Amino acid sequence: MRYKKKHNNYDFEIGKTYEGIIYSKGWIMIKQQLYRMNCFEILQSDVDQVKKLVTDDPKNNVEMVNNAVGVDANGNVFLRGVYEDKDLIEYCNEICREKCYKGSTEKYSDPLCLECDCPIANLYIVATGMAQLRETLKVYENEQNKDK
Ligand SMILES: [Zn+2]
């Protein structure tokens, strides 16, 4: 990234490039320090170095959160557990049977609570959407990193 706009306490030289990462909306990180993104020009080489987010083997809490759901080999959404993954629909239905559909033992291909607008229905919708985004991002990231 190229320093382009002075900020009172930043010790950079206008026009020089520095190695850093795009940290979050509006902020970049250079050597473990955060700086305002609007003081820098983001270069193509910075974009090429965006850290890969998708992993099947999360090593820390951030990676765990970014990879908390996924799609298994059978096309089913799973929730990642510390010891084992859980099928999302089975997980939702276990709770649905305790909260909303007491006593139901039937197996369904959708969560029971999809009809009832409770927190479990919301969890199901958010997790399914995130799994879909992760799978799409995985394809994109693998394509980006093919030659590296
Ligand atoms: Zn419910």
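I take a residue as buried if 20 or more other C-beta atoms lie within 10 Å of its own. The model I am reading is a predicted one.

**Entry 1: the fold in outline**

I began with the secondary structure and found 4 helices and 8 strands in the protein. Following the sequence, I noted the order β-β-β-β-β-α-α-β-β-β-α-α. I then looked up the radius of gyration, which is 21 Å; the globule rule gives 15 Å for 148 residues, so the protein is more spread out than a compact globule. The C-alpha trace spans about 70 × 35 × 25 Å along its principal axes.

**Entry 2: burial and contacts overall**

I looked up burial for the whole protein: 15% of the 148 residues count as buried. I also checked contacts with a separation of 6 or more, and 37% of them join residues 24 or more positions apart.

**Entry 3: helix α3**

I turned next to α3, which covers residues 88-99 and has 12 residues. From first C-alpha to last, α3 reaches 17 Å, close to the expected 16 Å. Which residues of α3 are buried? I listed Leu88, Ile89, Tyr91, Cys92, Asn93 and Cys96. I then asked what covers these buried residues. The cover includes the strands β7 (77-79) and β8 (86-87), together with the helix α4 (119-144).

**Entry 4: helix α4**

I recorded 26 residues for α4. The distance from its first C-alpha to its last is 37 Å, close to the 38 Å expected at 1.5 Å a residue. In α4 I found Ile120, Tyr124 and Ala131 to be buried. The buried residues of α4 pack against β6 (69-71), β7 and α3. Strand β7 thus appears in my notes for both helices: as part of the cover of α3 and as a packing partner of α4.

**Entry 5: how α3 and α4 meet**

I looked up the geometry of the pair and found an angle of about 170°, with the axes 10 Å apart. Angles over 145 degrees count as roughly antiparallel, and α3 and α4 are therefore roughly antiparallel to each other. On the α3 side, the contact is made by Leu88, Cys92, Ile95, Cys96 and Lys99. On the α4 side, I noted Ile120, Leu123, Tyr124 and Ala127. By class, the contact holds 8 nonpolar residues, no polar ones and 1 charged residue. Leu88, Cys92 and Cys96 of α3 are among the contact residues and are also buried. For α4, Ile120 and Tyr124 take part in the contact and are buried as well.

How values were computed. Residues numbered from 1 in each chain as written. Predicted model: local features only at pLDDT ≥ 70, side-chain atom pairs only at ≥ 80, totals over all residues. Helix = DSSP H or I, 4+ residues; strand = E, 2+ residues; numbered from the N terminus. Rg over C-alpha atoms; globule rule 2.2 N^0.38 Å. Buried ≥ 20, exposed ≤ 12 C-beta atoms within 10 Å, placed from the backbone. Contact = placed C-beta atoms within 7 Å. Expected span 1.5 Å × (residues − 1). Axes fitted to C-alpha atoms, helices over the stretch in contact; angles between N-to-C directions. Parallel < 35°, antiparallel > 145°, perpendicular 65-115°, else oblique. Nonpolar A, V, L, I, M, F, W, Y, C, P; charged D, E, K, R; others polar.
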